[in-house]
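Good morning, colleagues. Please turn to the structure on the screen, and I shall take you through its main features.

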There are 2 protein chains.
Amino acid sequence: MFTEHTTLSDPVSDQMTQALDHADPGLAPIEQMPLRVQIADRIRRAIVTGRLRPGAALVETALAEQMNVSRAPIREAIQILEADGLVETEAYKGKRVKPLTVREVAETYEMRQVYEVMAVRRIVERGADVSALWQPCHQMAEAGAAGDRVSLVAADERFHRLLIRLADHDLLLASWNSIYLRIHQIMALRNDRRVPLADIAANHPPIVRALDARDGELAVALISEHTRSLGDFDPASIVEAPA
Amino acid sequence: MFTEHTTLSDPVSDQMTQALDHADPGLAPIEQMPLRVQIADRIRRAIVTGRLRPGAALVETALAEQMNVSRAPIREAIQILEADGLVETEAYKGKRVKPLTVREVAETYEMRQVYEVMAVRRIVERGADVSALWQPCHQMAEAGAAGDRVSLVAADERFHRLLIRLADHDLLLASWNSIYLRIHQIMALRNDRRVPLADIAANHPPIVRALDARDGELAVALISEHTRSLGDFDPASIVEAPA
DNA sequence: CCTTTGTCGATTGTCGACAACAGACAATTT
DNA sequence: AAATTGTCTGTTGTCGACAATCGACAAAGG
């Protein structure tokens with residue numbers, strides 16, 4: 001077990017949870033997270049879904065009143081987000097959602113590529129079983145056929161997260177998660193429709209096949225090209241003025 | 001400018017600063033860091049120098065009294081260290097210096113290798129000027145000849161940090177810094193005397209030469225072997241029982 | 001008109017006190 | 001004696017209030 005930091009487990013289905021649709025948990029252990037974590041999760045989701053845009057001010061007193069808690073857990077939550085690299089503080093002036101610069105976006109995608117290449121190398125070296133990767137692949141294909149972009153993106157994330165997991169490297173996973181938060185945010189902001197859905201779905205199976213065949217060079221080349229292409233983007237589409 | 005997080009700027013010369021030996025700063029801008037940052041720096045240094053060993057309890061009230069501040073900045077400082085991955089929290093039970101497992105140590109060094117390889121690749125691709133790397137090289141040679149292990153390790157860190165800087169990639173630098181904190185800690189704890197000083201010093205110039213010659217393959221191979229060898233260590237030398 | 005100084009509102013920084021919780025140990029009951 | 005319950009202690013979690021700082025604007029003085 002790691003520390004208490006959460007992992008943004010469920011990016012989908014958010015406020016649709018009513019009082020009716022959750023099955024009776026019986027007497028299963030009741031999970032209680034510190035307030036700061038719950039708060040951090042909420043704000044984080046607001047940021048990575050684009051509801052809180054880069055540059056938006058986060059005022060402790062306002063958030064405290066809004067969520068009906070004191071400032072202390074709000075402060076701590078924001079500090080968590082600061083460590084995530086999503087929030088920026090200027091002493092005695094304010095905290096705000098960190099503005100995205102073109103450079104940061106590029107660096108983020110480059111880092112992601114390095115992480116995924118590292119994962120692929122490890123998977124090949126260690127001979128891990130990659131058959132589980134087929135499931136998200138199929139889901140992507142279905143979503144692509146149905147033209148359901150949201151489901152496809154969700155399946156894509158599952159694919160890549162699973163790929164990282166298969167590398168069996170906790171530090172890599174943590175680093176990738178941290179990076180992927182920002183990727184989430186970027187995708188939410190730029191809402192890019194250029195690449196056809198079917199293409200995205202079609203990119204993944206060859207990777208799995210190469211991994212399965214233990215063809216390290218090919219697998220690295222494929223994942224490298226795949227993640228690199230994601231970094232090509234329209235610079236003006238998202239970025240606010242740096243200052 | 002980044003946020004306010006510090007960078008453990010000066011690992012050496014700590015408490016030797018008396019009231020006399022600092023030159024008159026004139027009317028230069030007086031730097032004031034939030035208490036949490038000063039506190040975090042102190043505790044961080046204590047951890048990475050091994051003065052606070054893995055598993056050691058960090059009790060907020062005790063630290064608050066000891067440093068003569070309230071618990072609030074202590075809490076926030078500890079939270080920073082938690083984000084650094086140096087401290088671990090268990091709700092309502094306590095905070096302690098995160099125990100080091102064999103696996104974590106191995107993963108840390110593997111991650112460092114990936115980062116440095118990435119840096120070398122970027123340096124070669126971008127044709128950065130690497131002549132500045134000679135200075136720490138020479139310092140290492142001198143320290144090696146004088147048998148001064150401390151100076152040599154310090155110069156070694158300068159070499160590698162500069163190498164990362166030359167890659168001109170902020171996110172890489174931040175990630176490397178985070179990793180290197182733990183490396184600091186590990187080195188402080190295991191105090192390993194196996195590798196001869198001269199060998200360490202001798203390993204670096206070939207890397208600079210390869211970079212200078214834009215021989216990417218050779219440079220990657222050299223840095224890869226260099227950082228990999230550091231990860232080979234005596235497992236029993238540092239690790240406490242995981243639980 | 002320009003410069004300097006004072007004041008004000010907004011925000012974060014810090015503090016001291018109290019509440020909630022986990023674990024250990026004693027008291028009670030059977 | 002064993003099991004259950006109560007209690008106590010150490011620690012973190014949360015709160016409300018106050019202090020410090022910043023930026024902007026008004027006010028005073030030349």
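I shall speak about the relation of the two chains, then about their contact, then about a sheet in chain B, and finally about the DNA.

Please bear in mind throughout that this is a predicted model.

Let me begin with the two protein copies. A turn of 180 degrees, with a shift of 0.0 Å along the axis, lays chain B on chain A with an RMSD of 0.1 Å. The two copies are therefore related as by a two-fold rotation axis. Which residue of chain B comes closest to the rotation axis? It is Ala83(B), whose C-alpha lies at 3.0 Å from that axis. Both copies use the same surface, in that 100% of the contact residues of chain B recur in chain A.

I turn now to the contact itself. Here 20 residues of chain B are in contact with 20 residues of chain A. On the side of chain B that touches chain A, at least two residues each come from helix H3 (71-84), strand E2 (87-90), helix H4 (102-126) and helix H7 (170-190) of chain B. H4(B) provides the largest share of that side, namely five residues. Sorted by class, the side of chain B that touches chain A holds eight nonpolar, six polar and six charged residues.

Next, the sheet. Chain B has an open sheet of three strands, in the order E1-E3-E2, and the pairing is antiparallel. Its edge strands are strand E1 (57-58) and E2 of chain B, each of which pairs on one side only. E1(B) and E3(B) run antiparallel and are joined by two bridges. Within E3(B), Arg96(B) is the bridge partner of Ala57(B). Across E1, E2 and E3 of chain B lies H3(B), which runs at about 110 degrees to E2(B).

Finally, the DNA. Which residues come nearest to DNA strand D, of the 19 around it? They are Leu35(A), Val69(A), Ser70(A) and Ala72(A), together with Glu60(B). As for the elements, helix H1 (35-48) and helix H3 (71-84) of chain A, and helix H2 (60-67) and strand E3 (94-97) of chain B, each supply at least two residues of the surface near DNA strand D. With three residues, H3(A) gives the most to this surface. By class, the surface near DNA strand D comprises ten nonpolar, four polar and five charged residues.

To close, I would return to the symmetry: the two copies are related as by a two-fold rotation axis. Thank you for your attention.

Notes:
Residues are numbered from 1 along each chain as its sequence is written. Chains are lettered from A and ligands numbered from 1 in the order in which they are written. This is a predicted model: local features need pLDDT of at least 70, side-chain atom pairs count only at pLDDT 80 or more; totals for chains, interfaces and linings use all residues. A residue is near a molecule or strand if its C-beta atom, placed from the backbone, lies within 6 Å of it. Helices (H or I, at least four residues) and strands (E, at least two) are DSSP runs, numbered from the N terminus. Ala, Val, Leu, Ile, Met, Phe, Trp, Tyr, Cys and Pro count as nonpolar, Asp, Glu, Lys and Arg as charged, and the others, Gly among them, as polar. Copies are superposed by least squares on the C-alpha atoms of residues with pLDDT of at least 70 in both. Two residues are in contact if their C-beta atoms, placed from the backbone, lie within 7 Å. Two strands pair if DSSP finds at least two bridges between them. Axes are lines fitted to C-alpha atoms, for helices over the stretch in contact, and angles run from 0 to 180 degrees between N-to-C directions.
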